[in-house]
Amino acid sequence: MEVKIGVQYAPREIVLESGQSVEEVERLVNDALAGKTQLLSLQDEKGRKVLVPADRLAYVEIGEPTVRKVGFGTL
């Protein structure tokens, strides 16, 4: 699943492919925004962690990745 994170005062958004479920990502974002944690911590498909201070979150977009078509075919 693709997750896009907007961070205040950052010129670009953070984009990562996560193996976590939509419900799990949504719960982690809600906990960070509610003040239960100071950091939003997500893990990408390669096992790397992305940590964003909760007070700097501008937006979080959760959705399916866009599938890129590669190769030649007939239309």
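Analyst: Two strands count as paired if DSSP finds at least two bridges between them, and that rule will be applied to this predicted model.

User: What makes β1 and β5 a pair, and in which sense do they run?

Analyst: Six bridges are found between β1 and β5, and because the definition asks for at least two, the two strands pair, in the antiparallel sense. One place to look is V7, which stands opposite L57 in β5. As a general point, strands of a sheet pair through backbone hydrogen bonds, either parallel or antiparallel.

User: What is the order of the strands in the open sheet, and why do β2 and β5 stand at its edges?

Analyst: The open sheet has three strands in the order β2-β1-β5, with antiparallel pairing. β2, which covers residues 14-17, and β5 each have a single partner strand, so one side of each is left without a neighbour in the sheet. From one strand to the next, the twist averages 15 degrees.

User: What makes β3 and β4 a hairpin?

Analyst: Five bridges join β3 to β4, residues 49-53, and the two strands run antiparallel; since at least two bridges are needed for a pair, β3 and β4 meet that condition. Five residues lie between β3 and β4 in the hairpin, and in the turn G47 has a positive phi of about 90 degrees. Two of the facing positions can be picked out in the structure, where L42 has V50 of β4 as its bridge partner, while L40 stands opposite V52 of β4.

User: Which side chains of β3 and β4 are buried?

Analyst: The side chains alternate along β3, with L40 and L42 pointing to one face, where they are buried, and L39, S41 and Q43 pointing to the other, where they are not. β4 also alternates, and here V50 and V52 are buried on one face, whereas K49, L51 and P53 point to the other face and are not buried.

User: Why is L39 called partly exposed?

Analyst: The relative accessibility of L39, a residue of strand β3, is 42%, and because buried means under 20% and exposed means over 50%, a value in between is called partly exposed. L39 still has partners that are not its close neighbours in sequence, for it touches A32, L51, V52, P53 and A54 when residues up to four places away are left out.

User: Why does E23 count as exposed, and S18 as buried?

Analyst: E23, which lies in helix α1, has 58% relative accessibility, and because this is over 50%, E23 counts as exposed. S18 has 2% relative accessibility, and because this is under 20%, S18 counts as buried. The place of S18 is in the loop between β2 and α1, and beyond its neighbours within four places in sequence it is in contact with M1, V3, Q43, D44 and E45. A polar atom of the S18 side chain also lies 3.0 Å from the backbone nitrogen of Q20.

User: How do you know that the span of helix α1 agrees with what is expected for its twelve residues?

Analyst: At 1.5 Å a residue, α1, residues 22-33, should span 16 Å, and its end C-alpha atoms are 16 Å apart, which agrees. The expected figure is 1.5 Å times one less than the number of residues.

User: What makes one face of α1 the buried one, and which elements cover it?

Analyst: In α1, the residues V25, L28, V29, D31 and A32 are buried. Seen down the helix axis, the buried residues fall within an arc of 160 degrees, so they line one face of α1. E23 and L33, on the other side of α1, are exposed. The cover over the buried residues includes β1 (2-7), β3 (39-43) and β5 (57-63), and α1 lies across β1 and β5, running at about 170 degrees to β5. Just after the helix, G35 takes a positive phi of about 90 degrees.

User: How many helices and strands does the whole protein chain have, and how much of it is buried?

Analyst: There are one helix and five strands in the protein chain, and from the N terminus on they run β-β-α-β-β-β. Of its 75 residues, 28% count as buried, which means that these fall under 20% relative accessible area.

Methods
Residues are numbered from 1 along each chain as its sequence is written. This is a predicted model: local features need pLDDT of at least 70, side-chain atom pairs count only at pLDDT 80 or more; totals for chains, interfaces and linings use all residues. Side-chain values use heavy atoms; hydrogens and water are left out. Helices (H or I, at least four residues) and strands (E, at least two) are DSSP runs, numbered from the N terminus. Buried means under 20% relative accessible area, exposed over 50%, partly exposed in between (1.4 Å probe, protein chains only). The arc is that of the directions from the helix axis to the C-beta atoms. Contact means heavy atoms within 4.5 Å. Axes are lines fitted to C-alpha atoms, for helices over the stretch in contact, and angles run from 0 to 180 degrees between N-to-C directions. A polar contact is a pair of N or O atoms within 3.5 Å; within protein, one must be able to donate a hydrogen and the other to accept it, and residues adjacent in sequence count only if both atoms are side-chain atoms.
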